[in-house]
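Please open the model in your viewer and keep the sequence panel at hand. The tour proceeds by selections, each followed by a description of what is found there.

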Amino acid sequence: MPIHRAVLLLAALAAANAASALTIEYGERGDALAACDAAMYRGERADATQCYRRLLEQSGDARIMAEAARALDDVRTANSHFQTAVEQHPDDPAVRTRWGMLFLETHQNNEAVQLFLEALERDPEHVAA
């Protein structure tokens, strides 16, 4: 195999690996998500998925349900639960910040910035925003 083909193959493999890299979530996630997150970090994808689905179906807390849907890559459901969470917890900057992160992930930067600004209006010291 010519060297330039080997280099291209390695570059393609590196890009594929980066595209599937696990995003580690820090802070502002409820304790209920910890077991699901831990399973995901250990590479137990099926167990983590089942755990997130269980939270989505049984939690009752819109904040937890939004994060569970987000972890399952269900953007539409996550967005809906974040809307509910903001209605239920209007003064919580973390809810708006986490919702803003969803918008960043889906390349909706203007909406994300708006939510980060709203979070900072509620708490100017909120580092995550």
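Select helices α5 and α6 of this predicted model, and look at how they cross: the crossing is left-handed. The two helices pack at an angle of about 160 degrees, and their axes lie 10 Å apart. Angles over 145 degrees count as roughly antiparallel, and α5 and α6 are therefore roughly antiparallel to each other.

Next, display the side chains at this contact. From α5, select Val-75, Ala-78, Asn-79, Phe-82, Gln-83, Ala-85 and Val-86; from α6, select Val-95, Arg-96, Arg-98, Trp-99, Leu-102 and Phe-103, which they meet. Coloured by residue class, the contact of α5 with α6 divides into 9 nonpolar, 2 polar and 2 charged residues.

Before leaving this pair, select Asp-91, which lies in the loop between α5 and α6. Is Asp-91 buried or exposed? Its relative accessible area is 62%, so Asp-91 is exposed. Add Ala-119 to the selection and draw a distance between the two C-alpha atoms: Asp-91 and Ala-119 are 8.3 Å apart in space, although 28 residues separate them in sequence.

**The α4 and α6 pair**

Keep α6 (residues 93-105) in view and add α4 (residues 62-71); the axes of these helices come within 11 Å and cross at roughly 20 degrees. That angle makes α4 roughly parallel to α6, and this crossing is left-handed. For the side chains, select Arg-63, Glu-67 and Arg-70 in α4, which meet Val-95, Arg-98, Met-101, Leu-102 and Glu-105 in α6. The residues of this contact divide into 3 nonpolar, no polar and 5 charged. Val-95, Arg-98 and Leu-102 of α6 take part here, and Val-95, Arg-98 and Leu-102 also meet residues of α5.

**The α3 and α4 pair**

Hide α6 and show α3 (45-58) beside α4. How far apart are the axes of α3 and α4, and at what angle do they pack? The axes are 8 Å apart, and the angle is about 145 degrees. Here too, α3 passes α4 in a left-handed crossing. Tyr-52, Leu-55 and Leu-56 of α3 make this contact with Ile-64, Met-65, Ala-68, Ala-69 and Ala-71 of α4. By class, the contact of α3 with α4 consists of 8 nonpolar residues, with no polar and no charged ones.

**Helix α4 in its surroundings**

Now restore the neighbouring helices and select α4 alone. Which residues of α4 are buried? They are Ala-62, Ile-64, Met-65, Ala-66, Glu-67, Ala-68, Ala-69 and Arg-70. Because 8 of its 10 residues are buried, α4 is largely enclosed by the rest of the structure. These buried residues pack against α3, α5 and α6. Glu-67 and Arg-70 are thus listed among the buried residues, and both appear in the contact with α6.

**Two loop residues with positive phi**

Move along the chain to Asp-73, in the loop between α4 and α5 (75-88). Phi of Asp-73 is near 60 degrees, a positive value in a residue other than glycine. Asp-73 is exposed, with a relative accessible area of 67%.

Then select His-107, in the loop between α6 and α7 (109-122). Phi of His-107 is likewise positive and near 60 degrees, again in a residue other than glycine. With a relative accessibility of 69%, His-107 counts as exposed.

**Into helix α7**

Continue to Ala-112, which is located in helix α7. Ala-112 has a relative accessible area of 0% and is buried. Show its contacts: leaving aside residues up to four places away in sequence, Ala-112 touches Gly-100, Phe-103 and Leu-104. A distance drawn from Ala-112 to Met-101 reads 6.6 Å between C-alpha atoms, for residues 11 apart along the chain.

**The whole chain**

Finally, zoom out and show the full cartoon. The protein chain contains 7 helices and 0 strands, and its elements run α-α-α-α-α-α-α from the N terminus on. Of its 129 residues, 33% are buried. Switch on the surface: the chain exposes about 8200 Å², and carbon and sulfur atoms supply 54% of that area. Among contacts with a separation of 6 or more, residues 24 or more positions apart account for 34%.

Note on methods
Residues are numbered from 1 along each chain as its sequence is written. This is a predicted model: local features need pLDDT of at least 70, side-chain atom pairs count only at pLDDT 80 or more; totals for chains, interfaces and linings use all residues. Side-chain values use heavy atoms; hydrogens and water are left out. Axes are lines fitted to C-alpha atoms, for helices over the stretch in contact, and angles run from 0 to 180 degrees between N-to-C directions. Helices (H or I, at least four residues) and strands (E, at least two) are DSSP runs, numbered from the N terminus. Angles under 35 degrees count as roughly parallel, over 145 as roughly antiparallel, 65 to 115 as roughly perpendicular and the rest as oblique. A crossing is left-handed if the near helix is turned anticlockwise from the far one by less than a right angle, and right-handed if clockwise. Contact means heavy atoms within 4.5 Å. Ala, Val, Leu, Ile, Met, Phe, Trp, Tyr, Cys and Pro count as nonpolar, Asp, Glu, Lys and Arg as charged, and the others, Gly among them, as polar. Buried means under 20% relative accessible area, exposed over 50%, partly exposed in between (1.4 Å probe, protein chains only). Accessible areas come from the Shrake-Rupley method with a 1.4 Å probe; for residues, only the protein chains shown count as cover.
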